[in-house]
Each structure stands twice: as structure tokens, then as C-alpha cells.
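Thank you all for coming; I would like to take a few minutes to go through the packing in one model. Please have the structure open while I talk, and stop me if a residue is hard to find.

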Amino acid sequence: MAINIGLDIGAVSLKLAAIGAHDDAVLFERLVSRNPDGFFHADFPASAALAQRPLVLSRYRRIQGSPIQSTFDLLKEFYEHVPEEQVEGIRVTGSGSELIAKLLGIYFENEFRAVAKGVREFYPDVRTVFEMGGETSKYIRLEPSEQSKYLGIVDYQSSGDCAAGTGSFIDQQASRLLYTVEEVGPAACAATCAARVAGRCSVFAKSDMIHAQQKGYTTDQILRGLCDAVARNFKSAIVKGKQVAPPVAFIGGVALNAGVRNAMREAFQLSETDFFVPEHYCWLGALGAAIFESDEARKRSFKRIHQLRQHTGRQSFACSEPLSMNSVLLLRDHVADVAVPAAGKVDAYLGIDIGSVSTNLVVIDTAGNLLHEIYLRTQGRPIEVVNSGLAEIEREFGDRLNILGVGTTGSGRELIGELVGADTVNDEITAHKTGAMHVSDRLGMERVDTIFEIGGQDSKFIRINDGVVVDFTMNEACAAGTGSFLEEQAEKLGISIKGEFAQLALASQKPARLGERCTVFMERDVTSLLLKGAEVGDLAAGLAYSVALNYLNRVVRGRKIGDVIFFQGGTAYNDAVAAAFSQILDKRIIVPPHNGVIGAIGMALIAHEVMQQRGQPTSKFRGYHLDRVDYKTREFVCKACSNFCDIKEFNIEGQRSYWGDKCSDKFRKRARTDRKPVVEDLVEFREKVLEQALLTPIGNRKTVGIPRTMYFYDKFPFWCTYMQELGFDVVVSPRTDPVIAATGDELAIAQPCFPVKVAHGHVQKLLDSGVDYVLLPNALNEYAEQPAEETHLCPWNQTLPFVVRAIPQMEAARSKFLMPTVNFRFGRKHVEKELATFAKTLNISRRKSDRAVTSAYAAQGEFTDQLLEAGAAALDSLERSGEPGLVLVGRPYNLYDRSINCDIPRKLRAQYGANVIPMDFLPLEQENIRDVNPNMYWNSGRRILAAAKITKRRRNLHLVYISNFKCGPDSYIKSFMDTAAGKPGLVLQFDGHSNDAGFITRCEAYLDSKGFLRCSATGT
């Protein structure tokens, strides 16, 4: 009895390693020969202590949501050919192994120790280990000494709760794009370029991938972008600037992906000899556990595996009320058949809704009757899928249809609109509102007043009064709780999203309470409950509740909900989610006919209306065969500035359009409206005025670098003037570009918001340029004319100099950081005292510092006065013209760094003719916000709410709040916005997105709801 087994039980896969004595070789040979699909031989290195011992490994197998059953099945297969009494010890490791250890009464081994032990035994020269598994990633650095403590582990790090950039995420994306996970690597390696995909969160990355599809990138290019994103995420979120000593072993299931492998090697700038994938890339944890057990002198008596079979897995979980359909009205079958004449042509209109997960096409006649509907999976190929839908319409009707107009909506509306020859292109809010009202009118029921729309990637809430959208919102940044999330979880649970999911959920008597956390966190909760033995039906019901709660708390967020509620979109096919809404709200939920294609119905109706308004001209429709449309694409990099945007040109029958531009005028899309702004371009004006204080370098003086980030966007005149008056030349870092952003992402050792990561990149850029110093003020607060108001800056703003100084890569430059502590709130005299202390460290006198402070205050005051003067003129122009205006609120670095905000402020003006007024052009200090919040201690919150109050008094001013993901203060401030403004505003939440499609959708919908796109001078 000398066989020792190591089991690595992860969230996704299960691996076994068995080490025998010399006389066990016969048993292992019999096992492998009789079950070659389950097990295979392996050998220890000749130099290993166990070199002569027989070794067998299990084939890689997936757990499929049942770790206990999977472990039982694997051990049962092993024991079919190896007597159970021959096994003297079993040790488990991995995220799913603790319950197994408890059930069998065996040792549980820490994952880092198990991997380190396996690497030490098989690859003793390895100094760094990168592991990417199904849901976790790890970094381990090992010492070369054989006698070192802790198995040679000198540093380590693992991924947190978020599963971004792990194997399960890549699996999901491969499946959505119709690739097997094995095909991802070759496809990515074959791509000529990469679509830019964000890698800091899996749902954000998915959003970028979807918008890249809609802009015409091939799936190969998107998959390569995904692999690059995974590598960047590993470098910034796992390694976090820690030392990477070669040789590096890349292990875990993802290591087999050639695309990720190449991206990792490039990200860490390692040669092929310094970076390799070991032969036993998936089994090192199991091998380490088996070796530990083999070395263990005190063996545990373990229970037989039937203990696993007998374990029911039922534990006490927090539960919700069982789901019920009592308050759900299903009207899917209330569809009237419309007979199409067998002969003669029928005048018709075509509506197309191109979404992230589904693409829908409908045909209506001139009376608004639905002649045909098509619901297709987008499958990452919007052009091919639309072509397929058009072919189906042609097969169904032949030449009997006379298409008088075409409308497109959805995230792919622009590209498909150009290809099919759309007569109108509209946002999804307008399309869904129009379609829902038409359906409710046709049913002869009370008019719909509230729409819950949950699609594959986006969620929308729309409130309607007398046929007009009076309020709407969309999920701000990610796809948490949308249809694609439910699909992925259903697949993970091994059940069909169609029918089976709802059936199991509605049958559950104890729905698991999963809350309404972010998608990846919720995924971890589901996995955790599975590992503890939860029933699939309870999890399905819990997920239905979670989607409803997530939608109500993160999308609706306290908005008024009416009494005639339509639940539409692809997720409305799931009865369990409808039931969850009805029970949470205690209201009737109506699932209308055609719930999956209502957006397309709305677009067909809008096309009808538009063509009638134009006097029924000939439609631009190019026909049913997109493959016959003469279109070409080419890719190039715009070098007009340091952003180096990847541009994709579409030449459709001689008409060119460009995708991917973020900054230049040359490749800007044409205006979407005839409206012209009546106010000056205040964003451009502010940009020029901000840098008026910057003098041409004199030379022969020390240089101080000011990063073009964070405090630069509001306090640059002060700090620039102060340092110049002290006798320094000031150097400003260039505008944020992809290189600066990527550098900052890799340098950040914590996980702050995106602007703070960008700040790291700007500091590095200045250091690389050779400046003598970098100015990073430790500013704690701001000045307020009403001293009773608190004016704290956010913690990341306050501590930025200390955070940057702590980065290991900047250790040699720490003496270059100038970090004066300043409390602007306490007035000029106090600031003079604080800066005099700072100046003394530079051997500069108090008198000179005081004079510099006086000049700095004057420069800052002149800057503020110029903004207020221009703002007053803008408000006067709007008052005289009756034109509406958009007030932009947010932190200055969010409002004015065009790379962070996808240049949305300029696009609002250039493409929609909006009169854009940033909030610092308004007299904010005159506003008292205590009636909104008596203790708004954030300086930005005080100013944002003051701007909102100004818009409340002016009917023609509307709010656009530009924020960023992970901003704690903003998440709090936003809750007071509607009260302060007295009307709904638009919130745009950025986080390094390179694609603007989702933000443009929100902007268009908001502008349309406020009348910007329908009128020329209404004062709405």
C-alpha cells in the first residue's frame, strides 16, 4: 500500500496525479492501457528524488458545476483498475477542494505551496510562475536556493474576487464568437492587427469586443485583442510591478492558448528561452499535492469514496420566497395573423435592431401590421447575420414586397445602416418606446407607461407620459445582470437557457439569495455555492432574482415606476425573471407580444414616419443581398496626434466612413442633426485659457514636470505660476495617449480608478523626458466662499504623491518628487505658510515663496474670471435664442481629458450641435446646496450639486454627468443629482473604454428625449 494521490480541484477543472511504489508500475500500466482516455503515464526528471517512482496523471476534465460528483467519478475510474486498499494517502488542493477534504477526512494543501512544490520537483530552474486557471490567476516568485524556507516562495499574488482575464472568461467569449476554446489561440495568432479591448474587467472587455464587432473588426482581430487584454490585465492586476525573474513558467489551462502565450511574452518583454509552457502545465498543483502526501510521515485514515456519493450537498443557504407567475401577464401568444396577398406588391417598411447578442428584423405594412419577424443570434458577425435575415425575408416574400423605408437601431446601427441603405438611424430608447406604444395600442389595453428592457449586453428603463419619454436610463458601464450573463451562468450550470432554466427556477422552493453584485462577483458566488453542493434549481431561481434586483437597484435606482409595465427584450423570454420582477415590486408585469423584436418594430414604424415626412422619396435600401454590396475596408493608424487611433475605413459604393477616431477632425463622422450651436466652443476655449500661464522655458534652469492629469485640469495656473516664480522651467506631459494609459495601468500597484492609473503613466512620461523634478502636490481640500461647506478632495487625489512614490519601479526617482502639503480651504495666509515650508526644502526664501504665491493666486483668479465671463455670455445666448444647452458636470480630469472620456464633450457639439457648457463656467460659489445635502464634504460634490441647482432654475438646461468606474465619491454624489436638478440627467461612466458606441447610444437617447434632435429652437 504505497500509492499517494494528489487532486487539484478548481472551479472549472479537475486533475489527478498518483505516485506509486516500484511494484505499483504494473497497476498503473493496467490503468492506462484499459482507460487511455482517462489517464496517461508521466515521468519524474532524472535528477528528482522520486525519479524511479511510477507516475500517472488524469486527462484534463471539466467539473461542469459538480465538483463532488466529478471527484467521485474520477476516483471511481481510478479504483476500477487500482484497488482502493493500495492507496495510502490522498491530498487535495485548489479552490474547490476544501469540502472534499472535509468529506473524506484528508489533508488540504495550500495552492501556492502545491504549485511551488510541483515546480521545484519538475522544473527547479524556474524563478517565476505565471498561472491562469479557470477563475483564478497567480504570480509566484521563487528563490534559487534549494534550502530556502517556504518552498522558495519569496513573493506571490493571486487574483481577487474578479474573474477578469481568466480561463472561464476566454471560454465564454470563444463560445459567443462560435469558436471552441482550442481555436482561439490559432485564430488570434493569424490576425494581422488587434482590436483594442479593455482588460480590467471581463464585462467591460466584452462591451469593447461587441462594439469592435459592430465597427467591422473580424473575429480573429477581436480574439487577438482579447488575448492582449488578458495579458495586460495579468500584468497590471496580478503582477503589479513585482519582479519577474526568468526563466518564467506559464501554467494553467490558459497556457495552452497560443494567442495568450504570445501576448504574455510580449507584455513582459521576455525571450522565447526565458518564457515557456511546461509539459505538465495543468498538473503541477496536483503533482505538488501528491508529492507532499508521499513525503508525509503521519498518514490520515481517510474515508472511502462512497462518502462523496452519499453526500447530498444540501446546506443551509440564505433563501428568497419561491417564484410565482400569479402577477405575470404573458401575451406572447396574442398575435394576430396578417395574410399577405398571394399576388401583387405590398408596400412595406423594414426595421432592423442589431444588438450584442441578438439581431432582429421585422417587416410591417403601411397600416402597421406585422408581416414577418426574425430573431437571430448576432454571433459576433453582424453583417453575415443581417444578410441571413434579409435572405429569409426574400425567401418568404419573393418580389411581393415594395420596401418604402428602412430603419436601423442597436449598437450596430451605424455600420449596418450604411450597408443596407437605411433611411433613418435611431437610438434604442426611441425605437423601444415607439414599438411598445404601438403594441399596447394594438392590444386595445391601457397605454404602456413603463418599459423594462433587458437585452444581451444593455439594460434600459423608459418611463412614458402621454406618448413622450419623460425619463430613461441605461446600465452605466457594464453588463451585470443582463441576458448574456444569464446565458453564461446557465451554460456553466449545464442547463438550457430556453425553457429549462425558467422551469427549474419556478420549481425551486428555496431560491438562493445571491444579491445584486457585479457579474463576475455573482459568478464567484454561484461557483462557491456549487462547490458547497447547492441545487441547480435554487441557483437558477436565485439568478432570476439577482437580475431583477440588479436592474431595479442599479438601473432604475428609485425612479418612478408606473402601473402598466412592459418587460421586453431577449431576457423577457425567461419567465423566471418576469416572476422575480412581479414579486419584488408587487406589481403586474406584462410580457407583450413580439417582446424580443419590439425595437425592430419601433424602427420600422419610425422609418414609415420619416419617409412620410419626406414626401415618400425612394428608399436608400440596397436590396436583400449585402454580399452583393460593393464595399471595401482598410485599416490604418491616424498619426495626427500621439493617440495613434486605429482607424477602420469603410468604402461602401464610393461613400467612405471611418470608425475608431477619438480626437481628429479629419475622420469625424458627419453631424447627425441640422442644429448648430449658438454658444462658443467652451471646451476648446478652456483648453487654451488653462495654459496661458505656461511660459517658454528660459533654459539653464532646473525643470519641474507637471503631469497633465488630476490637479492639472483645474489648478494648473496656480502651480505653473508658482513654480515659474520660484525660478523653475515648467514642463507639461503630453496629452493622454494609449501608451501613457497602458504604462499607468501596468505601474499601478493598487486598483484605483482609471484616471489615477493614467496619472501614473504621466509621471513616468515626465521622468523619461529627463525633468529634474515632478510636482505632485498633497492637496487636501479646496477654498470655498461659504466657509461652512466642507471641501475635501477625494482620497486618491490627496494621497496620489505617496501612492506614486511607493511604486517599486520609481524607487530611484523618489528624490525627484516635490510633494507640498496644501490646505487651500484655510485661505491664502495659511497656504503661504505651508508653501514657505516646502520652499525651504529647495533652499528658497520665505519672501520669494510668498511673492510666488501671490502671483499664483492672481493667475488662478484670472483663469476663473475668464471662464465665468464666457459662461455668462453663453447663458445669455441661450436665453435670447431659446436653444437648449447641456451642462457637463464631473471632476475636471473626467470632463477634459479627451482620452479618458472618448472625447464625448466635443462629439456632443460636433455631431449633435449641442450647446455644451462645462460646470466651471457657471457661478457655482453663489449656490447654497444645504437644502439638497447639508453635509456634502466632497469639494467636487459641492460644485456638481451647485451646477445641478442652476439647471433646475433654467428649463432649457440639461445635465450630463461624466464619471468613472470605481469613483467612490461620485457613487454617493449621483444619488442627489435628480433632487438638485429637479429633472433626470444623463450619467456616463467611463473606465478606459476605447469604443464610444455605448456612450453615443446613451447620448442620442438623452438628446432625443430632451428634444435636441427633433427641433431647432424650442427651449425644451
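Let me begin with a term: a residue is called buried when its relative accessible area is under 20%, and exposed when that area is over 50%. By that criterion, both F122 and Y123 are buried. I should say at once that what you see is a predicted model, and that every value I quote is computed from it.

Let me stay with the aromatic residues for a moment. Searching the whole structure turns up 34 aromatic pairs. In one of them, the ring centres of F122 and Y123 lie 6.3 Å apart with their planes at 40°, so this pair is classed as tilted. W719 and Y722, by contrast, make an edge-to-face pair, with 6.2 Å from centre to centre and 85° between the planes. These two residues belong to helix α22, which spans residues 712-725, and since they are three residues apart there, about one helical turn separates W719 from Y722. In general, an α-helix has 3.6 residues a turn, so residues three or four places apart point the same way. Both W719 and Y722 are buried. There is also an aromatic cluster, made up of F452, F461, Y551, F567 and F581.

Two lysines deserve a look alongside these rings. The charged end of K117 sits over the ring of F292, at 5.3 Å from the centre of that ring, while K235 lies over the face of F268, with 5.6 Å to the ring centre.

That brings me to the nonpolar cores. Which residues have the most contacts inside the largest core? They are W719, Y722, M723 and L908, in a core of 128 residues. Helix α27, residues 846-881, gives the most to this core, contributing nine residues. A second core, separate from that one, has 69 residues, among them L50, L226, L284 and F292. Returning to Y722, and setting aside residues up to four places away in sequence, we find that Y722 touches L835, F838, A839, S849, A852, V853 and A856.

Helix α16, residues 500-507, offers a smaller case to work through, with F501, A502 and A505 buried. Why do these three fall on the same side of α16? They cover an arc of only 90° around the axis, and that puts them on one side of the helix. The exposed residues Q503 and A507 are carried on the face of α16 turned away from the buried side. Among the elements that cover the buried residues of α16 are α15 (483-493), α18 (536-556) and α19 (575-585).

Now to P755, which is placed in helix α24, residues 754-769. With a relative accessible area of 0%, P755 counts as buried. Leaving out neighbours within four places in sequence, P755 is in contact with T709, M710, Y893, N894, I900 and N964. Between P755 and A741, which are 14 residues apart in sequence, the C-alpha to C-alpha distance is 8.8 Å.

Finally, the cysteines. How many disulfides does the structure hold? The count is zero. As for individual residues, C720 is buried because its relative accessibility is 0%, and C1003 is buried too, with a relative accessible area of 1%.

Technical notes
Residues numbered from 1 in each chain as written. Predicted model: local features only at pLDDT ≥ 70, side-chain atom pairs only at ≥ 80, totals over all residues. Heavy atoms only, no water. Core = buried A, V, L, I, M, F, W, Y, C linked by side-chain atoms within 4.5 Å. Buried < 20%, exposed > 50% of the residue type's maximum accessible area, 1.4 Å probe, protein only. Helix = DSSP H or I, 4+ residues; strand = E, 2+ residues; numbered from the N terminus. Contact = heavy atoms within 4.5 Å. Arc of directions from axis to C-beta. Disulfide = S-S within 2.5 Å. Phe/Tyr/Trp six-rings, centres within 6.5 Å; stacked < 30°, edge-to-face > 60°. Lys NZ or Arg CZ within 6 Å of the ring centre and 35° of its normal.
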